[in-house]
Amino acid sequence: MKYTKGPWRIEGRLIKASKTKTVCEVPQYGFRQSKADEANAQLIAAAPELFEALEAAYKLFDEALPKFNWGASALDGNAIQLLNQVPRKVEAAIAKAKGTP
C-alpha cells in the first residue's frame with residue numbers, strides 16, 4: 001500500500017508530512033474549532049502510526065493465536081472473547097485503510 005509515510009503533524013489547518021508535503025486540510029481546524037475538530041485533526045495526524053501498529057498487531061495475532069494453548073489458559077471468558085473479536089476488528093480496519101472490502 002502506498003501512502004505518505006509518517007510522522008504527520010498538525011500545522012494550523014494542514015496535516016503535513018514534511019515542510020513541502022501537505023497530506024490534507026482540516027477546514028474548520030484553526031478557526032472556530034470545536035473539540036471534535038481538534039480530535040479529528042489529531043486522529044488524522046496519527047494515521048500512519050496507527051496503521052503501522054495495526055499491521056504489527058495483526059502479525060502478532062496471526063502468529064501467536066494459533067499456538068495459544070486455550071485449554072491451559074488462565075484467561076477468563078471476557079479475555080477469551082476479546083481474543084476472538086480483536087483480530088477480526090484489526091483485520092477489518094486494515095482492509096478499510098487499504099480500500100479493500
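This predicted model holds 3 salt bridges, and the table below lists each pair of residues with the distance between the nitrogen and oxygen atoms that bring the two side chains together.

| Positive residue | Negative residue | N to O distance |
|---|---|---|
| Arg-9 | Glu-11 | 2.8 Å |
| Arg-13 | Glu-25 | 2.0 Å |
| Lys-98 | Glu-55 | 3.9 Å |

**The pairs in the strand region**

In the salt bridge between Glu-11 and Arg-9, Glu-11 is partly exposed, with a relative accessible area of 35%, and Arg-9 is likewise partly exposed, with a relative accessible area of 31%. The salt bridge of Arg-13 with Glu-25 has its closest N and O atoms 2.0 Å apart. This pair links distant parts of the chain, since Arg-13 sits in the loop between β1 (9–11) and β2, while Glu-25 belongs to strand β3 (residues 22–25), 12 residues apart. Arg-13 is partly exposed at a relative accessible area of 27%, and Glu-25, at 42% relative accessibility, also counts as partly exposed.

**A lysine without a salt bridge**

Which side chain of opposite charge is nearest to Lys-16? Lys-16 lies in strand β2 (residues 14–16), where Lys-16 is buried and yet has no salt bridge, and the nearest side chain of opposite charge is that of Glu-11, 4.1 Å away. A salt bridge requires the nitrogen and the carboxyl oxygen to be within 4 Å, so the 4.1 Å between Lys-16 and Glu-11 does not qualify. Glu-11 instead meets Arg-9 in a salt bridge. The side chain of Lys-16 does have a polar partner of another kind, because one of its polar atoms lies 2.7 Å from the backbone oxygen of Lys-19, within the 3.5 Å cut-off for a polar contact. When residues up to four places away in sequence are not counted, Lys-16 touches Pro-7, Trp-8, Arg-9, Glu-11, Lys-21, Thr-22 and Val-23, a list that includes both members of the Glu-11 and Arg-9 salt bridge.

**Helix α3 and its partner**

Helix α3 (residues 77–98) has 22 residues and reaches 32 Å from its first C-alpha to its last, which is close to the 32 Å expected at 1.5 Å a residue. At the start of α3, a side-chain oxygen of Asp-76 comes to within 3.2 Å of the backbone nitrogen of Asn-78, and after the other end of the helix comes Gly-99, whose phi is positive, near 75 degrees.

Which residues of α3 are buried? They are Pro-87, Val-90, Ile-94 and Ala-95, and the buried residues of this helix pack against α2 (47–64).

A salt bridge also joins these two helices, for the side chains of Lys-98 and Glu-55 meet at 3.9 Å, N to O. Lys-98 lies in helix α3 and Glu-55 in helix α2, so the pair ties together parts that are 43 residues apart in sequence. Lys-98 is partly exposed, with a relative accessible area of 42%, and Glu-55, at 34% relative accessibility, counts as partly exposed too.

Leaving aside residues up to four places away in sequence, Lys-98 touches Met-1, Phe-51 and Glu-55. The C-alpha atoms of Lys-98 and Tyr-3 are separated by 9.6 Å, although these two residues are 95 residues apart along the chain.

Notes. Residues are numbered from 1 along each chain as its sequence is written. This is a predicted model: local features need pLDDT of at least 70, side-chain atom pairs count only at pLDDT 80 or more; totals for chains, interfaces and linings use all residues. Side-chain values use heavy atoms; hydrogens and water are left out. Helices (H or I, at least four residues) and strands (E, at least two) are DSSP runs, numbered from the N terminus. Buried means under 20% relative accessible area, exposed over 50%, partly exposed in between (1.4 Å probe, protein chains only). Lys and Arg count as positive and Asp and Glu as negative; His and the chain ends are not counted. A polar contact is a pair of N or O atoms within 3.5 Å; within protein, one must be able to donate a hydrogen and the other to accept it, and residues adjacent in sequence count only if both atoms are side-chain atoms. Contact means heavy atoms within 4.5 Å. The expected span of a helix is 1.5 Å times one less than its number of residues.
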